[in-house]
Amino acid sequence: MAHKIAILGLGKIARDQHLPSIEKNPDFELAAIVSRNADLDGVEHFTALNDMLAARPDIGTIALCTPPQVRFELAVAALKAGRHVLLEKPPGATVAEVEALKALAREQGVTLFATWHSRYAQGVEPARTFLADKTVKSAEIIWREDVRRWHPGQDWIWQPGGMGVFDPGINALSILTHILPAPVHVVGASLEVPRNRQTPIGAKIAFKSATGHPVSADFDWRQEGPQTWDITVKTDAGTVTLSSGGAVLAIDGATQLSADDTEYDGIYAHFAALLAAGESDVDISPLQLVADAYMLGEIRHVDDFIE
Ligand code: NAP
């Protein structure tokens with residue numbers, strides 16, 4: 001039988017991706033929307049999570065699609081009510097709160113799935129397989145996009161906990177941490193913060209891997225025109241390039257794969273598998289790298305950001 005699921009937070013990502021992927025997946029049935037402001041024709045609507053939890057004990061799964069700053073309290077309420085929870089990325093505003101959710105889910109015997117949608121881009125798994133037995137020499141991330149195009153009117157990204165340019169940058173880190181054979185740690189960072197905002201609009205980060213090779217990341221929210229979401233990994237046996245956010249894979253410049261975006265279909269397929277197995281999937285490593293970049297980052301104030 002299909003899992004009845006509620007979406008909490010009917011914003012951009014819920015509408016663009018969660019609704020269509022749930023609709024396509026026979027393992028799920030959209031049973032309610034919890035939103036302070038928005039509703040959906042033909043679907044029961046609640047304005048507060050606690051009302052939904054009380055009224056619909058039959059809804060066993062909840063997708064939390066709010067910004068990270070408000071996700072913890074909502075996730076705690078859902079987990080304490082014995083519901084399985086899917087977290088949009090990033091899974092929380094701090095590392096410790098996600099650890100707490102992980103422990104709570106274990107205690108409650110329910111599934112917690114901290115999603116990283118970019119890991120489901122179709123070039124990512126083949127890149128991971130290629131790299132598994134290679135010696136990595138270096139890696140470089142260039143993730144440059146136009147904030148006005150992708151986040152119009154979203155104030156939360158500029159507020160503490162909203163992460164600024166790390167909101168897209170963490171997608172690159174979720175790929176990096178998945179494909180590299182050895183873990184990496186931050187060794188330095190510089191963060192460009194607009195004078196009138198609280199979070200960075202640009203960031204450069206230096207990492208080192210456990211095996212000693214360098215990794216660099218260049219995140220920027222001021223790129224107009226063509227957008228760049230590329231990761232290049234040089235190895236002893238060729239150079240792997242993931243571009244278009246992981247949808248295109250090339251080895252030594254030769255395209256191996258160029259696929260459509262099916263990231264959220266992959267997320268819901270994995271969620272169904274976790275529910276069937278009674279397991280959780282919570283990998284904090286991309287969030288940890290962002291936290292560490294903030295910890296080591298030199299702050300440089302730059303021009304005001306005017307939307
Ligand atoms: P958004 O358009 O601003 O929508 C977030 C929704 O969360 C809002 O519509 C609101 O829903 C709810 N919300 C906001 N503040 C809240 C609060 N204080 N308490 C309770 N609910 C609140 O943001 P989004 O772009 O969908 O992003 C949401 C999450 O998805 C973020 O973590 C983001 O990183 C992730 N994500 C976004 C994208 C993207 O392309 N935009 C891609 C992948 C992942 P109601 O008004 O319905 O209550």
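From which domains does the lining of the largest pocket draw at least three residues each? Keep that in mind while selecting; the pocket comes up after the two domains have been visited. The model is predicted.

**The two domains**

Colour the chain by domain: domain 1 covers 3-114, and domain 2 covers 121-259 + 291-302. Their centres, taken over C-alpha atoms, are separated by 27 Å. Nine residues of domain 1 and 12 residues of domain 2 make up the contact.

**The six-stranded sheet**

Select strands S1 to S6. They form an open sheet in the order S3-S2-S1-S4-S5-S6, with parallel pairing. S3 (44-46) and S6 (112-114) are the edge strands; each has a single partner strand, so one side of each lacks a neighbour in the sheet. From one strand to the next, the twist averages 25°.

Now go to the S6 edge. S5 (residues 84-87) runs parallel to S6, and three bridges join the two. To see one pair, pick Val-85, whose bridge partner in S6 is Leu-112.

Add helix H1 (residues 12-24), which packs on this sheet and touches S1 (3-8), S2 (28-34), S4 (61-64) and S5. The direction of H1 makes about 175° with that of S1.

Two loops are worth a stop here. The loop between S5 and helix H4 (95-108) contains Pro-90. Select Lys-89 as well: the peptide bond joining Lys-89 and Pro-90 is cis, with omega about -15°.

At the other edge, select Thr-47, in the loop between S3 and helix H2 (49-55). Leaving aside residues up to four places away in sequence, Thr-47 touches Val-34, Ser-35 and Arg-36. For a sense of scale, draw a C-alpha to C-alpha distance from Thr-47 to Leu-176: the two are 38 Å apart in space and 129 residues apart in sequence.

**The nine-stranded sheet**

Next, select strands S7 to S15. This open sheet of nine strands has mixed pairing and the order S14-S13-S12-S11-S7-S10-S9-S8-S15. Its edges are S14 (254-258) and S15 (297-302), each with a single partner strand, so one side of each is left without a neighbour in the sheet. The twist here averages 10° from one strand to the next.

Which residue of S11 is the bridge partner of Ile-141? Select S7 (residues 136-144) and S11 (residues 228-235), an antiparallel pair with eight bridges. The partner of Ile-141 is Ile-231. Ile-231 also stands opposite Leu-242 in S12. S11 and S12 run antiparallel and are joined by five bridges; they form a hairpin with two residues between them.

Follow S12 (238-243) to its end. The loop leading from S12 to S13 (248-251) holds Ser-244. Phi of Ser-244 is near 50°, a positive value in a residue other than glycine.

Move across to S8 (residues 184-194) and S9 (residues 202-209), which are antiparallel and joined by eight bridges. Leu-191 stands opposite Ala-203 in S9.

Helix H7 packs on the sheet and touches S7, S8, S9, S10 (214-220), S11 and S12. The direction of H7 makes about 155° with that of S7. Then show helix H9 (residues 285-296), which lies across S8, S9 and S15 and runs at about 65° to S8.

**The largest pocket**

Return to the opening question. The lining of the largest pocket draws at least three residues from each of domain 1 and domain 2. The space in this pocket is about 1,300 Å³. Select Lys-12, Ile-13, His-151, Gln-154 and Tyr-264, which lie nearest its centre among the 50 lining residues.

Which helix gives the largest share of the lining? H1 does, with four residues. At least two residues each come from H1, H3 (71-80), H7 (166-179) and H8 (263-277). Coloured by class, the lining shows 23 nonpolar, 16 polar and 11 charged residues.

**The second largest pocket**

Last, select Phe-113, Ala-114, Trp-116, Arg-119, Tyr-120, Ala-121, Glu-125, His-178, Asp-281 and Asp-283, which line the second largest pocket. About 210 Å³ of space lies inside this pocket. Its lining has five nonpolar residues, one polar and four charged.

Conventions
Residues numbered from 1 in each chain as written. Predicted model: local features only at pLDDT ≥ 70, side-chain atom pairs only at ≥ 80, totals over all residues. Heavy atoms only, no water. Pairing = 2+ DSSP bridges. Axes fitted to C-alpha atoms, helices over the stretch in contact; angles between N-to-C directions. Contact = heavy atoms within 4.5 Å. 1 Å grid on protein atoms, 1.4 Å probe; cavity = no way out; pocket = protein on both sides within 12 Å on 5 of 7 lines; lining within 4 Å. Points joined across faces, edges and corners; volume = space filled by probe spheres on them. Nonpolar A, V, L, I, M, F, W, Y, C, P; charged D, E, K, R; others polar. Domains from an automatic or database assignment.
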